[in-house]
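Colleague: I would like to learn how to read cores, buried polar residues and helices in a model. Could we work through one case?

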Amino acid sequence: MNSTVVKKFCGYDKTIDCAPDKSVSVRAVVICGFARGESIVRGISTCDDVLSAVECMRRLGSRIEIDGDTAYITGVGGAPKRDVILDCGNSGTTAKLLMGLLAGVDGRFTLVGDASLSGRRFDRARNMLADMGAKIDCDRLPTTVCGGGLSGVRLEAEVPSAQDKSAVLLAGISADGTTEYRENVRTRDHTEIMLERVGADITRSGETITVRKSTLHGAEIIVPGDISSATYPLCIALAVAGGRCTVKNVGINPTRRDVLDVLMRSGGDITFTVPRGDAEKVCDITAKHCVLSPMEMSESECARAIDEVPTLAALACLANGVSVFRGADKLRGKETDRVETTIETIRALGGEASYNSGVLTVVGGRKLHYGKVDCRGDHRIAMTAAVLGCCGEGCEITGCECVSISYPRFFEEVIGV
């Protein structure tokens, strides 16, 4: 297994074009691939998770051509090929979207994934889809979906999850009647925005999203920059003496910007340009070095910024005082148990962190040291370790090739190695 050495930064001054949003890109491929007619997706990510979605939709009969950062998609018009095996790779988003989408389509579809994805449970999504009449034989991959015959129901989120919600909404476009999904904590709404864009009968009123049987039509989708990817260089700029970084074209969907709110409450010197764009607005974000106060993250913020929590926890090692991240139990069902791997990373580099009853606590101000981190194949942990290493005393990270899952150019663009 390869290892990468990250040295301590003595300065940081960068302007970076934000990496494309993986979450939006996967949704665009799946939804446009299922729709009727032609779609153009501009600014698409070509990370491994998105390419897994592309191959799945091709197996289902979609024609997808990618030229640079633009995808040209001819959808299957709601009638995909049947009796196919779909390899979702490491992409939980792809698996849950397809689970919901195919639950309403006559046919037999088998979803498989890599070892990491096959270890994750899909019981919440499976149970809600079963309430609609779906026949899904297992709550882990591999699993087989025998689709068709769904009925709309009223469902309520057990825990905040944009992926579970998306599975239900995509099933709802093929179900008879009306499907209502209620979430007490609002999660990222990229699926709702995109379904509306392609002509779905979908509305939101307060905490409830309503969707009815719909025919989807091709559209032009513009993918914003990924705020999760932008978090890494912004955190480095905040932590390194004299640091400054501008990340351009960052998506600032209101359901995704909690990470920025947490940083700014902690004293982060962060400024924005005027938002631009249509449904998924973007702006340029600049961060400058400052002394950070301890971070406080609520359960609802943690649910929406779940991908950014490990990096915020690492940055909290450099704040003055004790930082608290509530709702961190949601980190446990990811590529790794990210509570465990985040704590391991922080401790390996000299920091202090602990977990108890859903709360991740980080004690700032400890003297960091050089150390080795095994990211265990988890792309978020690899990038988090790199951030803490360059802001501390350096580190060696094994298994960094996994960053191709979400941000293939991370080490080149952000770290400079």
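Modeller: What follows takes a core, a loop residue and a helix in turn. This is a predicted model, where local features need pLDDT of at least 70, side-chain atom pairs count only at pLDDT 80 or more, and totals for chains, interfaces and linings use all residues. Residues are numbered from 1 along each chain as its sequence is written, and side-chain values use heavy atoms, with hydrogens and water left out.

Colleague: Which residues touch the most other members of the largest nonpolar core?

Modeller: A nonpolar core is a set of buried Ala, Val, Leu, Ile, Met, Phe, Trp, Tyr and Cys residues joined through side-chain atoms within 4.5 Å. Buried means under 20% relative accessible area, with a 1.4 Å probe and protein chains only. Here the core has 76 residues, and the answer is Ile236, Phe325 and Ile415. Beyond four places in sequence, Ile415 is in contact (heavy atoms within 4.5 Å) with Val6, Phe9, Ile236, Ala386, Cys390 and Phe410. A second, separate core of 67 residues includes Ile31 and Leu98.

Colleague: Is asparagine 253 buried or exposed?

Modeller: Asparagine 253 counts as buried because its relative accessibility is 5%. Its contacts beyond four places in sequence are Asp189, His190, Ile193, Glu280 and Lys281.

Colleague: How many residues of helix H13 are buried?

Modeller: Helices are DSSP runs (H or I, at least four residues), numbered from the N terminus. In H13, 13 of its 13 residues are buried. The helix covers residues 379-391 and reaches 19 Å from its first C-alpha to its last.

Notes
Buried means under 20% relative accessible area, exposed over 50%, partly exposed in between (1.4 Å probe, protein chains only). Helices (H or I, at least four residues) and strands (E, at least two) are DSSP runs, numbered from the N terminus. The expected span of a helix is 1.5 Å times one less than its number of residues.
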